[in-house]
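Grab a pencil and work through these exercises with the structure open beside you. Try each task before you read its solution.

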Amino acid sequence: MSDHDLRQRFEMLKGVEHHKNELILELLSRVDRLDEAYQQMALDHQRETQFNREGQLRERKLQDELRKIKSFMSRDPFVLVLIDGDGMIFEDNLIHKGEIGGKEAAADLWNGIKDHVHDRLPDITSDCKIVTRIYANMKGLSDVCWKAGLVDKPTLVEEFYRGFTGSKVLFDFIDVGPGKDRADEKLTELFKLHLSNFHCQHIFFGCSHDNGYARLLEQYTEPLITDRITLLEGVPFEKELYAMKTKYSTVKLENIFRSTKINVYNQPLYPASQALPPYLLQSSNDTAASHVHNGYQSPYQPMIGTSTPSPAPSNPSTMNPKAPTWASAATSAVQTVSPPATPTPAASTLASSTDIPRNRIGQRIDPPTVYDKDEVDRVRKMKLCNVYFLRGDCGYDPCTHSHSKKLSKSEMAALRTVARMVPCRQGTTCDDPKCMYGHRCPVSVTGRKDCLFGDNCKFDRDLHGLDLNVVRTTKIGKK
């Protein structure tokens, strides 16, 4: 073999070695890239693993917190019974029993609600408590029940609610005192407060007598909310509330609440042959029987009656402490007790007209009166018998007020003004042509349901803001 061949073979081997080295270098470079990618993926995996572990721990913690919250939310569940006690009144036989009747009423109400929850609301647990709140004017309610003959004495109603409150730990009667819409306002706010309370599983709302609550209920349209409300029926639902029966559940608990409104207008204050009780006779300028009516008239009581007995309103000076001085002075002398039906007419002093002016919707409109402050004050001090001079049929013998004076036209006008400051119980439906009492608030403005006396006004809200345009008259035969 020649040197040339050897060199040629060497060059061949040298080229092969070069290609081998290049291959090795390329493989090493690829290994480096793969190793770098591996390390990056390893870091990513480690990060994901850590994130998942932290997520699992966080989820476990949130689940524990959720269980605690659910446990807290399900603790002490209750259903709330809200009742407007001025119109939702318990059955006569219960109230008549006083404190014992109150305990029976509480037991009957508790059982009635419990049975309804068990039968109609299966989602509510059996250990759910029943919380009951009744708001009303105790003094006014007591007087109305007494005058209507439901109880022998007004204090029996107080004893009834004392028994009601004392029989169950979560049953309460709250006396809101006199004043319009006080019970309504408290019930409305309590209703709204508990509607979003997750402990409150359901609300039973006793308001069937008052259309005013329709304003509250019509705000809620979602089934999630309306399904949590049941309307309690005592007296039949008023028109606007009746229209909501398709949206809200209703229930009538038999033999617990009255199904008719109390009618105090057909009940005589005293028998015709009986004089005023001694405790109503006063030696001061306040007229006899100013304690008979304590300013209470449920704004939802109907102005009804088969006869037209004269009303027995309250002493305005006690009802209206913030009234202007002339009004307090003028009204404090009003004869406030209806006379018994033994007429002794003084025809010369009576108006002969039997036409009763009415507006376009049939409300009685009192003709305007012109009065003089000083004259009203002077006439008040004369202690005149309003009934005798304005109606001519005072039947009290003896009467504690004067019948003997001969009055001038100005004195008669002043006396008529004094009488007008006392609201007639028949309201705008009164058809007694000889009625001397007021059928609208004398200081109210047409279209407004309030006046400067506010809640202290002795005239019902419906006797404010009347349309004073007389469009027709009702002619009543002489009585």
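Before you start: this is a predicted model, where local features need pLDDT of at least 70, side-chain atom pairs count only at pLDDT 80 or more, and totals for chains, interfaces and linings use all residues. Residues are numbered from 1 along each chain as its sequence is written, and side-chain values use heavy atoms, with hydrogens and water left out.

**Exercise 1.** Look at the salt bridge between R258 and D92, and work out which parts of the chain this pair ties together.

*Solution.*
Step 1: Check the distance. The side chains of R258 and D92 come to 2.4 Å, N to O, which fits the rule for a salt bridge (a side-chain nitrogen of Lys or Arg within 4 Å of a carboxyl oxygen of Asp or Glu).
Step 2: Place the partners. R258 sits in the loop between β6 (249-251) and α10 (316-319) and D92 in helix α2, so the pair links parts 166 residues apart in sequence. Helices (H or I, at least four residues) and strands (E, at least two) are DSSP runs, numbered from the N terminus.
Step 3: Check the burial. R258 is buried, at 11% relative accessible area, while D92 is partly exposed, at 28%. Here buried means under 20% relative accessible area, exposed over 50%, and partly exposed in between (1.4 Å probe, protein chains only).

**Exercise 2.** Find the salt bridge partner of E240, then the network around the pair.

*Solution.*
Step 1: The partner is R215, with the closest N and O atoms 2.1 Å apart.
Step 2: E240 belongs to helix α9 (residues 239-242) and R215 to helix α7 (residues 213-217), so this pair ties together parts 25 residues apart in sequence.
Step 3: Both are partly exposed: E240 has a relative accessible area of 33%, and R215 has 39%.
Step 4: Salt bridges with shared partners join R215, E218 and E240 into one network.

**Exercise 3.** Which residues touch the most other members of the largest nonpolar core?

*Solution.*
Step 1: Recall the rule: a nonpolar core is a set of buried Ala, Val, Leu, Ile, Met, Phe, Trp, Tyr and Cys residues joined through side-chain atoms within 4.5 Å.
Step 2: Among the 40 residues of this core, the answer is F90, I113, Y161, F164, F204 and L232.
Step 3: Elements giving two or more residues to this core include β1 (78-84), α3 (99-120) and α5 (155-167).
Step 4: Zoom in on F90. Leaving aside neighbours within four places in sequence, its contacts (heavy atoms within 4.5 Å) include I95, A105, Y161 and R258.
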